Amino acid sequence: MTKPIIKFENISKSFNETKVLNDVSFDIEEGRFYTLLGPSGCGKTTILKLIAGFETPTKGNILFNDKVINKVPANNRKVNTVFQDYALFPHLNVFDNVAFGLKIKKLNKNVIKTKVDEALKLVKLEGYQNREISEMSGGQKQRVAIARALANEPEIILLDEPLSALDLKLRTEMQYELRELQQRLGITFIFVTHDQEEALAMSDYIFVMKDGKIQQSGTPVDIYDEPVNKFVADFIGESNIVPGIMRQDYEVEMYGISYECVDAGFKKDAKVDVVIRPEDITIKSVSEGRVSAKVDSQLFRGVHYEICCYDEQGNEWIIQTTKKATIGETVGLDFDSEAIHIMLPGETEEEFDRRIESYEDESNE
Ligand SMILES: Nc1ncnc2c1ncn2[C@@H]1O[C@H](COP(=O)(O)OP(=O)(O)O)[C@@H](O)[C@H]1O
Ligand SMILES: [Mg+2]
């Protein structure tokens, strides 16, 4: 692991007695694309404000290159923020918007011109220097805001839901561009979104948040394949989440039927959440399936069909497959043992790691 550029050590933040961040710790490594992902109100913007210096922590330390920066003012941090509403100055033209921070630093005129031109080139707005902000489209304004952040040559760029005001097509285009820009420049990006697909597509690393706590951190593939709890499984992608009982190691019971699984280390008869991804279920004949279910409805989703079935006990099963089903038909649903993911209700990553560690210790004895 390389040296972290930012470190949060047990950060809590309260506003008038209300705890908005609760004992949050993480490392941000240099040159990577990080995403804070979570529902509205979970504390994402508060984390960015603490990094930028617009807020101070109630408890804990923020380190920047190993130095505590809790009280360092925003303008002395090598961090720039791109806001959702762009926060451009409507009475200034494109050049003056991008040059704003450089003029405050009282840089030489020629230096400012070079830096602004370079920044505009990076976001593909060469030649737009003299345009008024009011003449720019939403996507172009977003680019100006990004250029303004880049012109200051920060070590970290914070992006607070920067694409959420754009329409879908433009948003997808900007996702590619931002990712490409980050890789080309090698600057650390910390990006905020509540959109799981955006997070999966863009990030090297994702922190999934809920209620002021990080639920899980990892690469997009890690988080998608091995969610630590029901919240993460549900938030990241479509899922079948079924209540289960861990009868013993490698055996879980769902809806009264026992299945072989690949998980162990739970207490006997522990109540668990069982997650099965819709793309891991295949539709077969009733005799070949593990569960019989009746096809209730299906939607064509472009690449696959999303099929909704109900088993004999009335439980819903969502399946994604490239083959069309027949509505009203009873089919067999099949899945591998590896497709069954077991988690304890509400367990966070830290608790998960501790449980696995203690299980491994016991098994080694
Ligand atoms: N300055 C503030 N004063 C009081 N409450 C705040 C303040 N800033 C944020 N909050 C509250 O903190 C919680 C987290 O806010 P925020 O970090 O903006 O969430 P997110 O960006 O994930 O939507 C919300 O409940 C919000 O109302
Ligand atoms: Mg926010």
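Colleague: Happy to look at this one with you! In what sense do strand β11 and strand β14 pair, and over how many bridges?

Modeller: Glad to help, and bear in mind that this is a predicted model. Strand β11 covers residues 240-248, while strand β14 covers residues 270-276. One bridge between them has M246 partnered by A270 of β14. The pairing sense is antiparallel, and the number of bridges is seven.

Colleague: Which strand does β11 form a hairpin with, and which residue in the turn has a positive phi?

Modeller: Four bridges join β11 to β12, residues 251-254, and the two run antiparallel. Among the facing residues, I245 has E253 of β12 as its bridge partner, and Q248 stands opposite E251. Two residues lie between the strands of this hairpin, and the positive phi there is about 65°. So the hairpin partner is β12, and the turn residue is Y250.

Colleague: Nice. In the open sheet that holds β11, β12 and β14, what is the order of the strands?

Modeller: β11 pairs with β14 over seven bridges and is joined to β12 by four. The sheet is open, has five strands and is paired in the antiparallel sense. Its order is β13-β12-β11-β14-β20.

Colleague: Why is one side of β13 and of β20 left without a neighbour in the sheet, and by what angle are neighbouring strands turned on average?

Modeller: β13 (257-260) and β20 (341-343) each have a single partner strand because they stand at the edges, so one side of each has no neighbour in the sheet. With direction ignored, the average turn between neighbouring strands of this sheet is 40°.

Colleague: There is another open sheet, with β15 in it. Which strands stand at its edges?

Modeller: This open sheet has five strands, ordered β15-β19-β16-β17-β18, with antiparallel pairing. The strands at the edges each have a single partner strand, so one side of each is left without a neighbour in the sheet. Neighbouring strands here are turned by 50° against each other on average, direction ignored. The edge strands are β15 (282-284) and β18 (316-321).

Colleague: And which residue of β18 does E306 stand opposite?

Modeller: Strand β17 spans residues 305-311, and six bridges join it to β18 in an antiparallel run. E306 falls within that residue range of β17. Opposite E306 in β18 stands Q320.

Colleague: Now my favourite part, the ligand. Which helix gives the most residues to the shell around ligand 1?

Modeller: The residues around ligand 1 are F15, V20, P39, S40, G41, C42, G43, K44, T45 and T46. By class, that shell has four nonpolar, five polar and one charged residues. The helix that gives the most covers residues 44-52 and supplies three residues, and it is α1.

Colleague: What share of the area that ligand 1 exposes alone does the protein bury?

Modeller: Start with the polar atoms: a side-chain atom of K44 lies 2.9 Å from an oxygen atom of ligand 1. Backbone polar atoms are also involved, with G43 at 3.0 Å from a ligand oxygen and C42 at 3.2 Å. Taken alone, ligand 1 exposes 560 Å², and the protein buries 58%.

Colleague: Last one: what does UniProt list for residues 6-236?

Modeller: Over that range the chain is 37% helix and 27% strand, with the end C-alpha atoms 26 Å apart. The UniProt entry is unreviewed, and for these residues it lists "domain: ABC transporter".

Definitions and conventions:
Residues numbered from 1 in each chain as written. Chains lettered and ligands numbered in written order. Predicted model: local features only at pLDDT ≥ 70, side-chain atom pairs only at ≥ 80, totals over all residues. Heavy atoms only, no water. Near = heavy atom within 4 Å. Polar contact = N/O pair within 3.5 Å; in protein donor to acceptor, adjacent residues only side chain to side chain. Areas by Shrake-Rupley, 256 points an atom, 1.4 Å probe, with all protein chains shown as cover. Nonpolar A, V, L, I, M, F, W, Y, C, P; charged D, E, K, R; others polar. UniProt positions renumbered as here; feature names shortened; annotations may be inferred. Axes fitted to C-alpha atoms, helices over the stretch in contact; angles between N-to-C directions.
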